[in-house]
Every structure is written in structure tokens, then in C-alpha cells.
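Dear colleague,

I am passing on the structure below, together with some notes on what I found in it. Please read them with the structure open beside you.

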Amino acid sequence: MWAELLPVGRSASSGGYRRFAWNSADAECRAWFEQQARDRGLTYELDRNGNQWAWLGDPNAGGAVVTGSHLDSVPDGGAFDGPLGVVSSFAALDELRSRGAGFTRPLAIVNFGDEEGARFGVACIGSRLSAGVLGREAAYELRDADGVRLPDAMERAGYDPTAIGADEDRLARIGAFVELHVEQGRYLAENRPVGVASAIWPHGRWRFDFHGEANHAGTTRIEDRRDPMLTYANTVLAARKKAKLAGALATFGKVAVEPNGTNAIASLVRGWLDSRAADEPTLTALVAEIEQAAAERGERDGVRVELTRESYTPVVDFDGPLRDRLAKLLDAPVLPTGAGHDAGILASVIPTAMLFVRNPSGVSHSPAEYAEEADCLAGVTALADVLEDLACQ
């Protein structure tokens, strides 16, 4: 399974993956998922939001145990973030069947669409829509860098976007969701190969628009310039400093410039801030301080600054009894994470938990993302143990 997925959407130049929502690589990944389901005799379904499901047992029976993750990537992302959880879910089912496990509850494997938000700017779109966290009207307004609307992208890929929205009936039939994921840090590097998540830090994405004045780079005097690039650059540095002082995280990882000419002063710079903290008051205060720093520098530079919050996820505490049950079952350490996941979105409506597989480098969202085969196999065994405990009792 792993070998089949590795070449899909991989860039020959960077070695990273470009599996974005509703593009050709995404379609290949979706076809792979459907084939894996059918090869195992599972009931394949596509829900109203484009998420893929593979069912063992009656999907309508209730109390189902669900596992899975996502197959899309960030720009030039790694091979493990998302796909490890999906591949491990199918492998764990194979392991349970080899054990002769007797299922007493329905089991499903899911591939949530557009978890990374690389194309439309909002993370976990598939799970947000299902949980009702992202409404249909807001989803219809999402556009990619080329101005393509989300529903149009879905329609071009052969899916009907008219039904997207909250999926209460489906989620009501789920008793527990467990997502396996490669660790995006190094807590487990010197500990066990598998850990259990305790919580997800609150996090969000904010777009800063720096409005200046386009002009000639070779003829405009320094004192006559209204250069938004200066305000943007100062804001990036201020974000790093203020995040460090707050014990939080702030990253400008995406920028768009207009008119984007080498010999032209920009008229507009858009920078996207990703910020995370251990608690919501800290995060709120940090973003406010960054906004203030941008506004103050903008006043000096003659640049108008606008801030738009594009997405936000509050702190997620995973279901306590389920978390403790899995940690005891696996004799695994419990650790928090600053990364968002579909499990974090679903935690508001169903009991959820997460397993992490050791990442010796700690690198993620990069072609250098890595996990040893032995640790991946340990993750499969751990997930199989968890599913057996939850679905075969």
C-alpha cells in the first residue's frame, strides 16, 4: 500500500508532495482509497462533503468505531502526514482479520478531504463541514489562488457540491473516532514508538493585507515611498519576537505580492499568519500584539493594514475516558500537540482520540518528514489493539 501511494503527487524537483484538494493527485489518492476498500469487501461510500468511507458491518447500526486520516498534503509536504494514518487503518484491519477478531460494532475507515487547507486556505474542510463548524455559505465563498470557488472545484472533479453541509445523522452513528498520525515533533524520539494525544493547542490563520502604493523602483525617492513590503517584513520580525516572549508560535509561511515585479514597489502585500499557543488567552493576546505592531509600523510607512481571521480552532481536550483507556491499553506516554487534525474538529461532537508514531527527526510538512518502518509497524499493531478493544468487545 505504501509503495503504491509514494509516487502520487510527488514533485520531481523538490521530492515533496502536492496533493491538493480536488486536483489530479487528489483524484489518484481517492481512487486508491476506493480500491483498497473494495479489495477488502468493504462497503464504500462518499458522503455529502466528499469524504470517503469504507465500512465493515452495517453503517446504520450505530455505535461505530471509526479510524482514518487524510491523503492531501501541504505544498511540498512529506509522505507520512495523513497517509500514514490511512494506510495504517487498512493494515490494522488486515491484522485484526488475521487474528480472527470478532466484531461486535461496525468499523469504518475514513479519508477526510482537504485537511491541510493548502488550496482554499481553511484547514480540515471535510471534517469542518461534517461537524457543522464550517457552514455551506462560507464554504461556497472559499476560493483558491486562481479564483476558483470550492464548489466549482468539486464539480470539475466530478462531485456534486449542492449537498455539502453538516452531517449530523452520520456522526450520530459514530461511537468513537481514533486517528493515527506521525508525530510532528520529537517528544517520542527518546521514548516509546507510539504515544497518545492529550490535547491540541488552540490555533488559527490570519491574513494581513498591507496596502501601499505602486511605483517605480528606480525613480521613486525613498522618502516618497509607501512600500508595504517594509511593513510586512517588520511584522514578520515582530511576530517572531512576540511569540518567543509569550512561549507561543507565530509563523508567516505564505505571502502574495502585487504587482510582483522586480523593478516595482508593491501596491499590496498579503501575508498569512499561522499562530498557536497553549491556551486561548495567550493566543488572542499574541495576535493582538502582532496586529498592533503591524499598524504602528504601517503608520510610519504610509501603509494601511487590514487583518482578517480566516480560520480558528479553540483548544481541544480529547475525550478523557477514551484517552486514558488507550494509554493504559498501550502502556503509552500521553503528550499534547500544536498541530491541528480532523480528530480535533470532530472532538466537539463525538468522542475522539489520537495515536502518534515516533518521528526521529521531528521534521514535518517537509520532504524530510520520516518514520522508521519498525515504528510504523508498531503503530499498526497499536491501532489494531485499540480497534479490537473498542469494536470487538
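Which residue in β12 is the bridge partner of R207? The model is a predicted one, and in it the partner of R207 is T308. That pair belongs to a longer run of contacts between strands, since β7 and β12 are joined by 9 bridges and run antiparallel.

These two strands are part of an open sheet of 4 strands, which follow one another in the order β9-β11-β7-β12 with antiparallel pairing. Its edges are formed by β9 and β12, each of which pairs on one side only, and from one strand to the next the twist averages 20°. Helix α8 lies across β7, β9, β11 and β12, and its direction makes an angle of about 170° with that of β9.

The helix I would look at next is α9, which covers residues 280-301. Its 22 residues, at 1.5 Å a residue, should span 32 Å, and because the C-alpha atoms at its ends are indeed 32 Å apart, the expected and modelled lengths agree. The buried residues of α9 are L283, L286, V287, I290, A293, A294, R297, G298 and D301. When the helix is viewed down its axis, these buried residues fall within an arc of 135°, so they line one face of α9. The spacing fits a general rule: an α-helix has 3.6 residues a turn, so residues three or four places apart point the same way. On the other side of α9, the exposed residues are P281, T284, E299 and R300. The cover over the buried residues includes the four strands β7, β9, β11 and β12, and also helix α8. Just after α9 ends, G302 takes a positive phi of about 70°.

A separate set of pairings centres on strand β6, residues 194-200, which is mostly covered, with 7 of its 7 residues buried. With β15 (residues 352-357), β6 runs antiparallel and is joined by 3 bridges, and there G195 stands opposite F356. With β14 (residues 334-337), by contrast, the pairing of β6 is parallel, again over 3 bridges, and I200 stands opposite T337. Finally, 2 bridges join β6 to β13 (residues 316-317) in the antiparallel sense, where A199 has D317 as its bridge partner.

With best wishes

Note on methods. Residues numbered from 1 in each chain as written. Predicted model: local features only at pLDDT ≥ 70, side-chain atom pairs only at ≥ 80, totals over all residues. Heavy atoms only, no water. Buried < 20%, exposed > 50% of the residue type's maximum accessible area, 1.4 Å probe, protein only. Pairing = 2+ DSSP bridges. Expected span 1.5 Å × (residues − 1). Arc of directions from axis to C-beta. Contact = heavy atoms within 4.5 Å. Axes fitted to C-alpha atoms, helices over the stretch in contact; angles between N-to-C directions.
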